[in-house]
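Student: I am new to this structure and should be grateful for a close look at a single part of it. Please choose the part, and set it within the whole.

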Amino acid sequence: MFFFFKDTATTEIYTLSLHDALPILENFHALQSKHSMMLVEGIGGLLVPITHRYNVADLALQMGLPLIIVSLLQLGTLNHTLLTINAAQQHGLKVKGVILNPTDEGELDTIAQEQGSLIEEFSDTPVLGTCPFIEDVSAKGIEKNLTLLQENFQTRHFPESDLNS
C-alpha cells in the first residue's frame with residue numbers, strides 16, 4: 001500500500017503510523033474475512049492516541065467502517081456529542097448515528113430526554129436509540145433484556161443492506 005504526500009515529513013509520519021497500526025489492521029482484516037458483520041469498539045474516543053502520531057480516528061479511517069457514536073447521558077452530552085461528530089467529519093469518517101447511554105437506572109429527567117432531539121437538530125445525525133440501563137451485561141443478562149433493548153432502538157435506521165456501508 002503506497003501513499004503519496006507533498007512533503008517528506010507527512011510521508012514519514014504517515015509511514016510510521018501505518019507501520020505501528022499494521023498488527024491491528026491485519027487482525028481486523030483476518031476477523032472481517034470470517035464474519036459477515038463486525039462491531040469495533042473505539043477505545044475511548046476518536047482522538048485517543050494509539051501512538052504519538054496516530055489516533056483512533058486514523059485507525060477508523062483505515063478500517064473503512066461507519067461510526068456509531070455512543071454518548072453518555074449526563075451533563076455535557078450535547079457538547080461532547082457534537083464535538084465528536086465534528087471530529088469524525090473532519091477526519092472524513094461517516095457517522096451512521098448516535099446511541100445515548102444513561103449512567104444509571106431510573107427515569108430520565110426532562111433535560112436528558114431532550115438530548116436526542118437536540119443532537120439531531122444541530123448535527124443532522126440520527127439518534128438510533130437510548131440504551132436502557134442494564135445491570136447484568138453478561139450474555140445471559142443481555143438475552144434476558146433483549147426485548148427491552150429492541151424496544152429502545154429505532155430499527156428503521158438499520159436496513160440490512162446498509163449495515164456495512
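Tutor: Contact here means heavy atoms within 4.5 Å. With that meaning, among contacts in the protein between residues at least 6 apart in sequence, 67% join residues at least 24 apart. The part chosen for a close look is the sheet, together with what packs around it.

A word on confidence comes first. This is a predicted model. The protein has a mean pLDDT of 82, and 81% of its residues reach 70 or more. Of its elements, helix 3 (residues 77-90) has the highest mean pLDDT, 97, whereas helix 1 (residues 8-34) has the lowest, 69. Over residues 1-16 pLDDT stays under 50, and for this stretch the model has 8 contacts beyond four places in sequence. Where pLDDT is low, the predicted coordinates should not be read in detail.

The setting may be given briefly. The protein has 6 helices and 5 strands, and from the N terminus on its elements run α-β-β-α-β-α-β-α-β-α-α. Of its 165 residues, 28% count as buried.

Now to the sheet itself. Three strands form an open sheet in the order 3-4-5, with parallel pairing. Strand 3 (67-73) and strand 5 (127-130) are the edge strands, each pairing on one side only. From one strand to the next, the twist averages 20 degrees. Strands of a sheet pair through backbone hydrogen bonds, either parallel or antiparallel.

Strand 3 is joined to strand 4 by 7 bridges. Along this pairing, S71 stands opposite L100 in strand 4, and L72 has N101 of strand 4 as its bridge partner. Strand 4 (residues 95-102) is in turn joined to strand 5 by 3 bridges; there, I99 stands opposite G129 in strand 5.

How are the side chains of strand 3 arranged, and which of them are buried? They alternate: L67, I69, S71 and L73 point to one face and are buried, while I68, V70 and L72 point to the other and are not. Strand 4, for its part, is mostly covered, with 7 of its 8 residues buried.

Helix 3 packs on the sheet and touches both strand 3 and strand 4. The direction of this helix makes about 165 degrees with that of strand 3. Two of its residues show how it is placed. T84 belongs to helix 3. Because its relative accessibility is 18%, T84 counts as buried, the cut-off being under 20%. Leaving aside neighbours within four places in sequence, T84 is in contact with L46 and with I69; I69 is one of the buried side chains of strand 3. A88, on the same reckoning, is in contact with L46, L67, L93 and V95.

These contacts lead to the nonpolar core. In soluble globular proteins, nonpolar side chains tend to be buried together. The largest nonpolar core here has 16 residues, and those with the most contacts inside it are L46, L67, A88, L93, V98, L100 and I119. At least two residues of this core come from each of helix 2 (56-63), strand 3, helix 3, strand 4 and helix 4 (110-123). There is also a second, separate core of 6 residues, which includes L25, Y54, L59 and M63.

M63 offers a link to helix 1, where F28 lies. F28 counts as buried because its relative accessibility is 4%. Leaving aside neighbours within four places in sequence, F28 is in contact with M38, V40, M63 and L65. F28 and M63 are 35 residues apart in sequence and 7.9 Å apart in space, C-alpha to C-alpha.

Two loop residues complete the view. D124 lies in the loop between helix 4 and strand 5. Its phi is near 55 degrees, a positive value in a residue other than glycine, and D124 counts as exposed because its relative accessibility is 72%. I43 is found in the loop between helix 1 and strand 1 (49-51). Phi of I43 is also positive, near 45 degrees, and at 52% relative accessibility I43 counts as exposed.

Key. Residues numbered from 1 in each chain as written. Predicted model: local features only at pLDDT ≥ 70, side-chain atom pairs only at ≥ 80, totals over all residues. Heavy atoms only, no water. pLDDT = per-residue confidence, 0-100. Helix = DSSP H or I, 4+ residues; strand = E, 2+ residues; numbered from the N terminus. Pairing = 2+ DSSP bridges. Axes fitted to C-alpha atoms, helices over the stretch in contact; angles between N-to-C directions. Core = buried A, V, L, I, M, F, W, Y, C linked by side-chain atoms within 4.5 Å. Buried < 20%, exposed > 50% of the residue type's maximum accessible area, 1.4 Å probe, protein only.
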